[in-house]
Amino acid sequence: MLATDQKLYRQLFTSKAVMQWIGEPLTDSQLTCSFAAALQQNLAASTELKPNSRLFLTITDPAANTTPGLMAVTFNTSVHANRFNAEIGIMLLPFAQGKGLAVTALISLCQRLLQLPQVIHIICRITDGNLAAIKLVSELGFVYCKQGNYYKLHNNNKITDTGRFA
């Protein structure tokens, strides 16, 4: 994500439809601070992966020549030194939902993260009731972890020709 993506960031984080499973939409002042922080986090994460760093990536739709979404990766600390859990999130504008962009973007991101030796697991925290997100990660091979109420993909998983991680 770059400074030029502020309009997309605003559209996503102020939309009630997009934010319904995440939290309250941001106000203008919250958005200004949040976007500035996101750009700083991107800069830091692009130079070195370390615990609690966060990286924001844009999602593009080449067929429509649009950028309708964002993904975020937060590298959380784990019990292993210099190894992290990568917690991921995805946001798409309403007009881009249900078109397969989330699947393609999530597969690409997971493939890249699984190549990083620092990543132990990929984690998705999904709000109860967000059936589309639960279906998406379940179909890709993420496993529900009841004790933590999240979905997890192990670092030894590889993508199969069916589009699932195994």
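The legends below describe close-up views of a predicted model.

**View 1. Helix 4 and the elements that cover it.** Helix 4 comprises 14 residues, 101–114. Its end C-alpha atoms lie 20 Å apart, which agrees with the 20 Å expected at 1.5 Å a residue. The buried residues of this helix are Leu101, Ala102, Ala105, Leu106, Ile107, Leu109, Cys110, Leu113 and Leu114. Their cover includes strand 1 (53–61), strand 2 (66–77), strand 3 (84–92) and strand 4 (119–124), together with helix 5 (131–140) and strand 6 (150–154).

**View 2. The largest nonpolar core.** This core has 30 residues, among which Ile88, Leu113, Ile122 and Phe142 touch the most other members. At least two residues each are supplied by strand 2, strand 3, helix 4, strand 4, helix 5 and strand 6. Helix 4 provides the largest share, nine residues.

**View 3. Surroundings of Ile88.** Beyond its neighbours within four places in sequence, Ile88 contacts Leu106, Leu109, Cys110 and Leu113, among others. Its other partners include Ala72, Val73, Ile122, Ile123, Cys124 and Phe142.

**View 4. A second core.** Separate from the largest core, a set of 15 residues includes Leu12, Phe13, Leu31 and Ala38.

**View 5. Cys110 and Cys124.** Zero disulfides are found in a search of the whole structure. The cysteine sulfur nearest to that of Cys110 belongs to Cys124, 6.5 Å away. Because a disulfide requires sulfur atoms within 2.5 Å, this 6.5 Å separation is too far for a bond. Cys110 is buried, with a relative accessible area of 0%, and Cys124 also counts as buried, at 6%.

Terms used. Residues numbered from 1 in each chain as written. Predicted model: local features only at pLDDT ≥ 70, side-chain atom pairs only at ≥ 80, totals over all residues. Heavy atoms only, no water. Helix = DSSP H or I, 4+ residues; strand = E, 2+ residues; numbered from the N terminus. Expected span 1.5 Å × (residues − 1). Buried < 20%, exposed > 50% of the residue type's maximum accessible area, 1.4 Å probe, protein only. Contact = heavy atoms within 4.5 Å. Core = buried A, V, L, I, M, F, W, Y, C linked by side-chain atoms within 4.5 Å.
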